[in-house]
Amino acid sequence: MAAVRRPSLSRSGSGDDGILSRISDYAIVRKGKSAACDAAYVAKRLLKSTGKAAWIAATTFIVLGIPLIIEMDREAQLNEAELQQASLLGGATPGQPAFMAPPK
C-alpha cells in the first residue's frame, strides 16, 4: 500500500515557518491580541475594585446597620410592653392623651 502524503501548510521554500507563525505576523492579529490583553486587564481591575467596594459596603453594614436594627427591635419590644402594661392597668394608652379638652 502506498503512503498518502499530506500537503504541508508551510511554504516550500520557507523552512520551519508554519501557517500559525505567518498568521500571527499580521497587523490585525497583533491588534486583536492587544485588544484581548487590554480587555482582560480592565476586567481584572474592575473585579478588584468591585471586590473592594463590596468589602467596604459589607463592613459598614456590619458595623452600623446591624446595631441599628437591633436597637430598633428593642425599641419596638419596649413600646409593645408599655402598651400591654397600659391596657392591663386600664389607663390611657400611650399615644392618646389622658385628658382631652372639650370641643368649643
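The questions and answers below concern a predicted model.

In this predicted model, local features need pLDDT of at least 70 and side-chain atom pairs count only at pLDDT 80 or more, while totals for chains, interfaces and linings use all residues. Residues are numbered from 1 along each chain as its sequence is written, and side-chain values use heavy atoms, with hydrogens and water left out.

Q: How many helices and strands does the protein have?
A: Helices (H or I, at least four residues) and strands (E, at least two) are taken as DSSP runs, numbered from the N terminus. On that basis the protein has 2 helices and 0 strands.

Q: What length does helix 2 reach from its first C-alpha to its last?
A: Helix 2 covers residues 27–89 and has 63 residues. The expected span, 1.5 Å times one less than the number of residues, is 93 Å here, and the helix comes close to it by reaching 89 Å.

Q: On which residue is the kink in helix 2 centred?
A: The bend at a residue is the angle between axes fitted to the seven residues ending there and the seven starting there. In helix 2 there is a kink of about 35°, and its centre is I62.

Q: Which residues does UniProt list as "transmembrane region"?
A: The span in question is 100% helix and 0% strand, with its end C-alpha atoms 25 Å apart. The listing comes from an unreviewed entry, and such annotations may be inferred rather than shown by experiment. The UniProt record gives residues 53–70.

Q: Which side chains meet in a salt bridge?
A: A salt bridge is a side-chain nitrogen of Lys or Arg within 4 Å of a carboxyl oxygen of Asp or Glu, and the structure holds 1. The two partners are 3 residues apart in helix 2, so they are separated by about one helical turn. At 3.9 Å, N to O, the pair is E71 and R74.

Q: Is R74 buried or exposed?
A: Buried means under 20% relative accessible area, exposed over 50%, and partly exposed in between (1.4 Å probe, protein chains only). E71, at 43%, counts as partly exposed. With a relative accessible area of 53%, R74 is exposed.
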